[in-house]
Amino acid sequence: MSKYIFVTGGVTSSLGKGIIAASLAKLLQARGLKVTIQKFDPYINIDPGTLNPYEHGECFVTEDGAETDLDLGHYERFLNVPTSQANNVTTGRIYQHVIQKEREGAYLGKTVQVVPHITDEIKRRMQLLGESGEYDIIITELGGTVGDIESLPFIEAVRQLRWELGNNDSLVIHLTLIPYLAAAGELKTKPTQHSVKTLLEYGIQPDILVCRTEHKLTQDIRKKLALFCNVNINAVVESIDASTIYDVPLLMLKEQLDKTVLTKLKLSTKVEPDLENWKTFLGKLKNPTNEVNIGLVGKYIELPDAYKSIAEAFIHAGSANETKVKVKSIAAESIDEENVADKLKGLDGILVAPGFGARGLDGKLVAIKYVREQRIPFFGICLGMQCSVIEFARNVLSLKDANSFEMDEHTKHPVINLMEEQKSIKNMGGTMRLGAYDCDLRKGTKAHAIYGKSKITERHRHRYEFNNEYLAQFEAAGMIASGKNPKTGLVEIVELKDHPFYVAGQFHPELKSTVANPHPLFVSFVAAALTHKKAASK
């Protein structure tokens with residue numbers, strides 16, 4: 001039977017519940033246990049697919065096409081295990097299911113209430129992965145903070161579930177903040193005490209406190225927290241600010257978080273975690289022998305989390321190349337013909353990022369034209385790939401008003417067009433081409449050499465596709481389709497024949513990059529940027 005760990009947050013949001021959950025899971029996995037993590041989000045959206053990245057950061061897409069919270073990206077990057085639809089549940093999805101059942105008459109005329117109907121559905125979802133028989137431990141991260149009005153049904157469901165599961169089969173980790181008051185020169189425990197008190201009011205006693213802090217916790221502070229929050233002193237865990245999120249598993253190992261968890265769940269602690277590969281990755285990450293500057297051209301650059309998976313994929317690829325990757329974010333709207341050389345000056349490679357809508361399109365086209373002509377390594381993702389097609393059509397094929405149907409429905413040359421099955425769709429949420437699709441790579445192409453095989457699968461999130469009516473023209477002029485979907489013939493990858501590195505994919509390779517398996521496109525792009533830099537410095 002699976003055991004359950006619930007991770008709650010207090011005092012403030014953005015303390016890093018996802019990183020703590022992923023780090024603990026990594027340590028347990030390194031001890032030979034089968035672990036998965038799920039995220040329960042309290043917002044009423046069915047999923048984050050319709051949210052602006054400024055609202056909630058990037059939307060992470062799973063293999064089975066679920067649009068999910070970005071924390072699932074952390075889970076995959078740490079564990080190297082794919083997540084699915086079952087790993088992310090929102091209040092909206094819970095209520096939608098319960099209301100649908102009520103309309104079908106499933107509740108036999110009873111009054112439908114938060115308790116028991118909503119909480120029962122939450123509990124059912126919390127146990128779905130556990131009932132599969134595939135996992136020893138299920139870690140459930142609850143979004144938001146204790147005391148949020150939206151979180152109450154989730155907290156109540158956890159209380160009930162812990163009572164039903166009995167002793168030793170579940171525990172609660174409460175992540176909280178120990179702020180440092182510079183004026184007093186002290187760390188303060190009172191916010192944590194209040195947070196735990198709120199949790200106790202809802203009927204949940206946390207088993208372990210993980211304390212985010214900028215300064216080391218003294219033994220006196222640990223004793224005080226243990227006494228007033230009613231936990232063992234060895235269950236007060238320090239989570240000090242780290243230089244990289246990939247340090248956190250080792251910091252948690254030092255604090256013996258995994259051992260404390262296993263002891264409370266009555267599981268063996270005899271097998272020490274095998275973290276050799278993780279330490280090798282960290283060693284290369286922290287001791288690079290080279291450095292490259294990559295420009296990320298996008299429309300959501302003010303919020304780092306909007307391109308979280310891309311940033312992390314560069315970290316993985318940098319470690320693989322023993323190269324520090326410095327990413328410079330450039331607002332696509334700020335680029336024009338006059339300033340493009342200045343904006344992209346000193347950069348060893350350019351990535352044009354995904355996104356939706358026309359804002360910043362012209363700047364992306366100008367940047368792509370510049371790197372194509374100056375032979376600077378270029379990597380396009382999703383809309384970045386579509387922009388490379390539009391730029392090539394306009395400036396090489398002389399199709400002056402070539403555009404994407406998304407940006408201009410009246411263009412004479414829709415080189416990027418709406419998929420036929422998308423034309424009748426009215427709803428926005430969950431209706432794109434989502435999840436993993438097959439791609440056949442053409443032998444003799446750069447893409448084939450990079451992947452080292454002919455058949456791959458990559459994850460998608462888009463509505464618009466390369467218009468195959470123009471493919472012959474493109475290939476005759478030097479832009480070739482190096483990857484296609486075997487069933488539909490849709491173009492998945494384009495590249496330029498006579499360019500050092502010019503590769504663009506319709507899919508999102510960043511979503512599959514992990515610590516254990518850095519994505520080959522990112523690894524090759526960083527290597528190409530390094531080669532370009534060395535050649536330019538001669």
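This report looks at one small sheet and the largest pocket in a predicted model.

## A three-stranded sheet

Let's start with the sheet. It is open and has three strands, lined up in the order E16-E17-E20, and the pairing is mixed. On the edges sit strand E16 (403-404) and strand E20 (464-466), each pairing on one side only. As a bit of background, strands of a sheet pair through backbone hydrogen bonds, either parallel or antiparallel.

Take E16 and strand E17 (residues 414-418): they run in the parallel sense and are joined over two bridges. If you want a spot to find on screen, look for Asn403, which stands opposite Pro414 in E17.

## A helix on the sheet

What packs on this sheet? That would be helix H15 (residues 383-395), which touches E16, E17 and E20. The direction of H15 makes about 145° with that of E17.

## The largest pocket

Now for some empty space. The largest pocket holds about 960 Å³. It is lined by 36 residues, and the closest to its centre are Ser14, Leu15, Gly16, Asp71 and Asp305.

Which helix or strand gives the largest share of the lining? It's H1, with four residues. Several elements supply at least two residues each, among them helix H1 (17-30), strand E2 (35-41), helix H3 (71-79) and strand E11 (236-240). Helix H2 (53-56) and helix H9 (248-254) also supply at least two each.

Sorted by class, the lining is a mix: 13 nonpolar, eleven polar and twelve charged residues.

Note on methods
Residues numbered from 1 in each chain as written. Predicted model: local features only at pLDDT ≥ 70, side-chain atom pairs only at ≥ 80, totals over all residues. Heavy atoms only, no water. Pairing = 2+ DSSP bridges. Contact = heavy atoms within 4.5 Å. Axes fitted to C-alpha atoms, helices over the stretch in contact; angles between N-to-C directions. 1 Å grid on protein atoms, 1.4 Å probe; cavity = no way out; pocket = protein on both sides within 12 Å on 5 of 7 lines; lining within 4 Å. Points joined across faces, edges and corners; volume = space filled by probe spheres on them. Nonpolar A, V, L, I, M, F, W, Y, C, P; charged D, E, K, R; others polar.
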